[in-house]
Amino acid sequence: MLFRSALKRLDVRRLSLATYDARGFRHVAPGLDADCDTHVLFLGDSFTDGLWVEDDETFASRFGALSRGQGGAKVCPVNAGVDGYGPPEETYILETYFAAAGNPRLVFLQLFPNDIVEDYGPVFDGTLPGLDARWTRLFSFLARAADFCRTHGAELVLVVMPDKTQFDSPGTRTHYQDRVRAFADDAHIRQTDLYEAFRARAGDVYWSWDPHLTPEGHAVVADALYRATADRLRPIAR
């Protein structure tokens, strides 16, 4: 009775069900995990995992549905996003579970400013002490992930997730998005900056009470990623 009474007093803003397989990978929408032409692996943190949305609302699920519906390729998305992970853990997942994830043709690795430092506010003005060393460490893992993908017949795509405060301070892109872009260009790694895709719909993309994405936000991400990589998703000739 005490538990039920406590539940009634809660101010619940959002309830969602998240389910996971034996490897800890989040389930995708039914029908997107079978009859595959190719697999696509999604690595990232809570944005990729899909905090506050259902299994079939994550951008991994939506990407698989778009690929099958528009491109004709039977894509099986594998959502290996984990709340709190960064490039060191994501590189480990890539190297350890690549075969178990179906030897994916595409690997999306989602970045967020807290990959540089947990309290990431000072990243945006470029004044954090030791910032260059933190970027160097981050880029070393991204280069390692890209090399692994190339060696195994896959392509790494960096997904640059903006923080919602950046739409009021676009100059912060100099110290985050532009720095990732310069690295990616030098390293010949494909990257997708979601800032422009979000800018037109900033009011719909994020929860008002949380920094994560709404179902509409996940749909925007899936569309942007599909348009950026459709050339890699043509059905394989049998």
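## Sheet

Two strands count as paired if DSSP finds at least two bridges between them. The model described here is predicted.

Strands of a sheet pair through backbone hydrogen bonds, and the pairing can be parallel or antiparallel. Here five strands form an open sheet, and the pairing is parallel. Their order is β2-β1-β3-β4-β5. The edges are β2 (75-79) and β5 (190-193), and each of these pairs on one side only. On average, neighbouring strands of the sheet are turned by 20 degrees against each other, direction ignored.

## Strand β3 and its neighbours

In the sheet order, β3 stands between β1 and β4. Four bridges join β1 to β3, and these two strands run parallel. One residue pair shows the link: V40 has L106 of β3 as its bridge partner.

On the other side, six bridges join β3 (residues 106-111) to β4 (residues 155-160). This pair also runs parallel. L109 stands opposite L158 in β4. Q110 has V159 of β4 as its bridge partner.

Is β3 enclosed or open to the outside? Six of its six residues are buried, so the strand is largely enclosed by the rest of the structure. In a regular strand the side chains alternate between the two faces of the sheet. In β3, L106, F108 and Q110 point one way. V107, L109 and L111 point the other way. Residues of both sets are buried, Q110 among them.

## Helices across the sheet

Helix α3 (residues 59-71) lies across β1 (38-43), β2 and β3. The helix runs at about 175 degrees to β2. An angle over 145 degrees counts as roughly antiparallel, so α3 and β2 are roughly antiparallel.

Helix α6 (residues 177-187) lies across β3, β4 and β5. Its angle to β4 is about 165 degrees. Strand β3 thus appears in the list for α3 and in the list for α6.

## Helix pair α4 and α5

Two packed helices are described by the angle between their axes and the distance between the axes. For helix α4 (residues 87-97) and helix α5 (residues 131-151), the axes come within 9 Å. They cross at roughly 15 degrees. Angles under 35 degrees count as roughly parallel, and α4 and α5 are therefore roughly parallel to each other. The crossing of α4 past α5 is left-handed.

Which residues make the contact? From α4 come P87, P88, T91, L94 and E95. From α5 come R137, L138, F141, L142, R144, A145, F148 and C149.

## Cysteines

How many disulfides does a search of the whole structure find? The search finds one. It is formed by C36 and C76, with their sulfur atoms 1.9 Å apart. The torsion about the S-S bond is about -80 degrees, so this disulfide is left-handed. The pair links distant parts of the chain, 40 residues apart. C36 is in the loop between α1 (2-9) and β1, while C76 is in strand β2. That places C76 in one of the edge strands.

The two partners differ in exposure. Buried means under 20% relative accessible area. C36 has 23% and is partly exposed, whereas C76 has 2% and counts as buried.

C149 is in no disulfide. The nearest cysteine sulfur is that of C36, 18 Å away. C149 is buried, with a relative accessible area of 0%. This cysteine is also one of the α5 residues in the contact with α4.

Methods. Residues numbered from 1 in each chain as written. Predicted model: local features only at pLDDT ≥ 70, side-chain atom pairs only at ≥ 80, totals over all residues. Heavy atoms only, no water. Axes fitted to C-alpha atoms, helices over the stretch in contact; angles between N-to-C directions. Contact = heavy atoms within 4.5 Å. Disulfide = S-S within 2.5 Å. Buried < 20%, exposed > 50% of the residue type's maximum accessible area, 1.4 Å probe, protein only. Parallel < 35°, antiparallel > 145°, perpendicular 65-115°, else oblique. Left-handed = near helix turned anticlockwise from the far one by under 90°.
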